[in-house]
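Open the model in your viewer and keep the selection tool at hand. This tour goes from one metal site to the next.

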Amino acid sequence: MLNIDLHCHSNVSDGLLPPAEVVRRAAAHGVQALALTDHDDIAGLAEARDTAREVKIDLINGVEISTSWGSHTLHVLGLNIDPAHAALQTGLETIRQGRAERARRIAEKFDELGIKDSLAGAYALASNKSLIGRMHFARFLVEHGYVKNLRTVFKKYLVKGKPGYVSHQWAALDDAIGWIRASGGIAVLAHPGRYQIGKMRMEELLAEFKEAGGEGIEVVTSSHTVEMTTNFAELSQRFGFLASRGSDFHGPGESMIELGRLPDLPEKCQPVWHAWREAAAA
Ligand code: AMP
Ligand code: MN
Ligand code: MN
Ligand code: MN
């Protein structure tokens, strides 16, 4: 079976490695086709593409867009997008500006907690100054000895209800799906098992996602338990979604799963990559 990994991050967003190194590492781990899916930015794709050509693997243009659906933050993968598409670029630019504004509010919270200079500290750890996220704050807190590891920073400070968390309005779900589709891509709901949404509400979400033009869901991903994988494989069939597989790799030592080291999709799933691989072969 094709070793395909359709979800990972470089230091263009909150990953640790430059795009070229992500691609080299994927190739070294036997990945044959890779989508680089940085949060809200596509600036790493050109470098990734050059390296992919060099190491002879397929590079799929991707992005992971931050969206709001009611009070929930949902991540939507755009796979096989056109990075030159104007509406997509403008939409992502707006989200990045929102991230900068959110970062100032997060830093104010840490200030009140007596943790000083976190804004400068987080930016110092961001290779791409126009893409700042919670992970950069988390690394700052670990590196300065406030907390022992990333997991604990999130648990103690950065998730909903904790003192360093600020709520934020991301792109509307419909808009993000619209940009992806307009640029020729396929919209895939990332790690659906992570959202802490009950069974009924999840079915409403999947119906709305489909209605808005979403075509796939991530079934195999590092944050899914075996039970979640089985459950979302079943839901993908029931709702007529294509199924995706991605590690969500962020860097050596920080990720639960290595690039490409994932179980295969369950047999009954329709692989999302057939949509463009068959089109290319025809
Ligand atoms: P942001 O998009 O800036 O709100 O940050 C979300 C990112 O933080 C995710 O993509 C992960 O990389 C990381 N993250 C979120 N929750 C956790 C967690 N509980 N533990 C570790 N990393 C997390
Ligand atoms: Mn991330
Ligand atoms: Mn995500
Ligand atoms: Mn991700």
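The stops below follow the metal ions of this predicted model.

**Stop 1: ligand 4.** Select the manganese ion (ligand 4). Its protein donors are His-7 (NE2), His-9 (NE2), Glu-64 (OE) and Asp-248 (OD). They lie 2.1 to 2.2 Å from the ion. Along the chain, the donors follow the spacing H-x1-H-x54-E-x183-D. Now pick out His-9 and Asp-248, a pair that links distant parts of the chain, 239 residues apart. His-9 sits in the loop between strand S1 (4-5) and helix H1 (19-28). Asp-248 sits in the loop between strand S8 (242-246) and helix H10 (274-281). Both residues are buried.

**Stop 2: across to ligand 2.** Move 4.7 Å from the manganese ion (ligand 4) to the manganese ion (ligand 2). Show Asp-14, which is listed twice through OD, with His-39 (NE2) and His-250 (NE2). These protein donors lie 2.2 to 2.7 Å from the ion. Their spacing reads D-x24-H-x210-H. Which geometry does the site of the manganese ion (ligand 2) have? It is irregular, with angles of 53 to 158° among six donor atoms.

**Stop 3: the histidine pair.** Stay at ligand 2 and select His-39 and His-250, which are 211 residues apart and link distant parts of the chain. His-39 is in the loop between strand S2 (33-36) and helix H2 (45-55). His-250 is in the loop between S8 and H10. His-39 has 6% relative accessibility, so it counts as buried. His-250 has 11%, so it counts as buried too.

**Stop 4: ligand 3.** Finish at the manganese ion (ligand 3), 5.7 Å from the manganese ion (ligand 2).

Conventions
Residues numbered from 1 in each chain as written. Chains lettered and ligands numbered in written order. Predicted model: local features only at pLDDT ≥ 70, side-chain atom pairs only at ≥ 80, totals over all residues. Heavy atoms only, no water. Donors = N, O, S within 2.8 Å, 3.2 Å for Na, K, Ca; no water. Helix = DSSP H or I, 4+ residues; strand = E, 2+ residues; numbered from the N terminus. Buried < 20%, exposed > 50% of the residue type's maximum accessible area, 1.4 Å probe, protein only. Tetrahedral: all angles 85-135°; square planar, octahedral: opposite > 155°, others 65-115°.
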